[in-house]
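Biologist: Pick one part of this model and take me through it slowly, please. I'd like the pairing and packing, with your cut-offs spelled out as you go.

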Amino acid sequence: MKVLVTGGSGFIGSHVVDQLVDAGHKPVIYDRRPSPYRDDIQTELGELSDLTMLELAMSGCDAVLHLAAAADVNEVAKMPVESEAANARGTLNVLEAARGAGVKRVVYASTIWVYTGESGERVDEESNLGMPNHLYTASKLAGEMYCRSYNELYELEYTVLRFGIPYGPRARPAAVVPAFVGKAMAGEALTVAGAGDQSRRFVYVEDLASGCVKALDPIAANRTYNLVSDSSVTILEIAELVQELVAPTGIEYTEQRTADYVGVEVSGVRAEEELGWTAVTPFAEGVSRYVEWRREDEAAAPVPMQPVAKVATEGFTTALTRVRKSVAMPFAYAVASLMMLAAYVVAVDSLGLPDAQVGTLAVTMIAALAVFLLIELMWRNPKTRAISAVSSALVTAIFVFAVMTPWGHQVFHLATPGRPLFVLTITGVALVIALASAGIALARRRGLIDDVAAVRLSA
Ligand SMILES: NC(=O)c1ccc[n+]([C@@H]2O[C@H](COP(=O)([O-])OP(=O)(O)OC[C@H]3O[C@@H](n4cnc5c(N)ncnc54)[C@H](O)[C@@H]3O)[C@@H](O)[C@H]2O)c1
């Protein structure tokens, strides 16, 4: 099976890529950065916001394993707009691209954080979910809902996987196990929030990756699975284990954090019964493998990045196709619109009105277009808002001078429109604005105008 792995350069995605290869599948990575772990896998560098690029990358794929996301809850809290764009709208784009490319199934990486706040002893995939309180959970749940909607509307198959808390080689340094191991290696005491009795359903990352591969099975179509281990570990137990495996550097207790996952017990029975998947790696074994990897990683020379020449050559053809696909259509639209506007002016001219009156009509349409574009394209970005206001006021002032004053009429050879021309002018302006708004909407959809980036750059 040819499978696109979004986020295939990341922590979990890179293990998924490894296991897809081991299982005889052909993975393709879609990520904004090259994989630091593999240079033998086809990689398409792109953003989740780039619908055209996503669709191109999916061509010929049977399934998509969608893992790319803003996955660090603290980063999400720091960058809410970008995180929502990646997690919610990014997932929508993946589904839309899959629909366009004729992909059969999208497997979506969600999280057991969706159960935060649930009451009762144990929750499973059928449990009702409450309203999320963290933006990370809200944006991941939005992705789950989009998967379902796409199935209802377009019959695109989905599988939702709610991951337990992953740990293991390649983990982000800020996660709890890497942070404890890092501190112990540096000879520092480990910090535990509260009494350290918060328990978590950790899952070893290679087990998780094998669950992702199993989720490609036909039985998993339109199903949701919790991928969790069957035992919980407390933060204090992790600290004690790390002390034992790395060095006895001591434990310090601090205040409880607000963004911690304080969930109920999550059942993994459905994944076991339907996919034959369980987390097989005991926690102590997984942490020991992580410590071993971390020692090797720190001792080794920096991992060579994917050869630049290869990425550049592979990317060149794709880039050309991308430019052709994303620019050709808006360009054709712009040409057709200009021809339509010119035809309108010629048609008005053929009514036999004086030249000055027809000139007024053409100038009014051009001025309306200029003011509309200046406001629509520059007002949203606070950095260009002042330019937008001043330049559109200037265009309006010149227009009023040229069309409404006797001096303007002399300089520009125009006339104040009479009643029949007034109606024709209003119609022309409406036509210009309708065509321009549709053109801008098309360019935004193709990623040629990125308002989120504009706002971000200006922040
Ligand atoms: N790590 C966890 O604790 C955890 C827990 C449950 C679920 N998940 C989910 O698992 C998935 C993978 O998480 P991870 O821990 O491997 O994260 P990660 O940050 O290690 O990997 C995410 C990858 O996605 C890429 N990416 C992010 N935004 C992108 C964008 N807009 N366009 C293109 N590429 C983009 C990044 O470059 C990165 O390589 C995510 O969907 C996450 O929500 C993670």
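Modeller: Strand 4 and strand 5 pair in the parallel sense, over 4 bridges. Strands here are DSSP runs of E with at least two residues, helices are runs of H or I with at least four, and both are numbered from the N terminus; two strands count as paired if DSSP finds at least two bridges between them. Before we go on: this is a predicted model, so local features need pLDDT of at least 70 and side-chain atom pairs count only at pLDDT 80 or more, while totals for chains, interfaces and linings use all residues. Numbering starts from 1 along each chain as its sequence is written, and side-chain values use heavy atoms, with hydrogens and water left out.

Strand 5 also pairs with strand 7, again in the parallel sense, over 7 bridges. Tyrosine 108 is a handy marker: it stands opposite histidine 66 and also opposite valine 160 in strand 7.

Strand 5 covers residues 105-111, and 7 of its 7 residues are buried, meaning under 20% relative accessible area with a 1.4 Å probe, protein chains only (exposed is over 50%, partly exposed in between). Arg105, Val107, Ala109 and Thr111 point one way, Val106, Tyr108 and Ser110 the other.

Val107 takes us to leucine 65, which touches it along with Val3, Leu4, Val5, Thr6, Val16, Leu20, Cys212 and Leu216, leaving out residues up to four places away in sequence. A touch is a contact, heavy atoms within 4.5 Å. Leu65, Val177 and Ile238 have the most contacts inside the largest nonpolar core, which has 59 residues. Such a core is a set of buried Ala, Val, Leu, Ile, Met, Phe, Trp, Tyr and Cys residues joined through side-chain atoms within 4.5 Å. Apart from the largest core lies another, of 25 residues, among them Leu4, Leu51, Tyr108 and Leu156.

Val16 and Leu20, both touched by leucine 65, are among the buried residues of helix 1. That helix, residues 11-22, is largely enclosed by the rest of the structure because 10 of its 12 residues are buried. Its buried residues pack against several elements, including strand 4 (63-66), strand 7 (157-163) and helix 7 (205-214). End to end, helix 1 reaches 17 Å from first C-alpha to last, close to the 16 Å expected; the expected span is 1.5 Å times one less than the number of residues. Just after helix 1, glycine 24 takes a positive phi of about 90 degrees.
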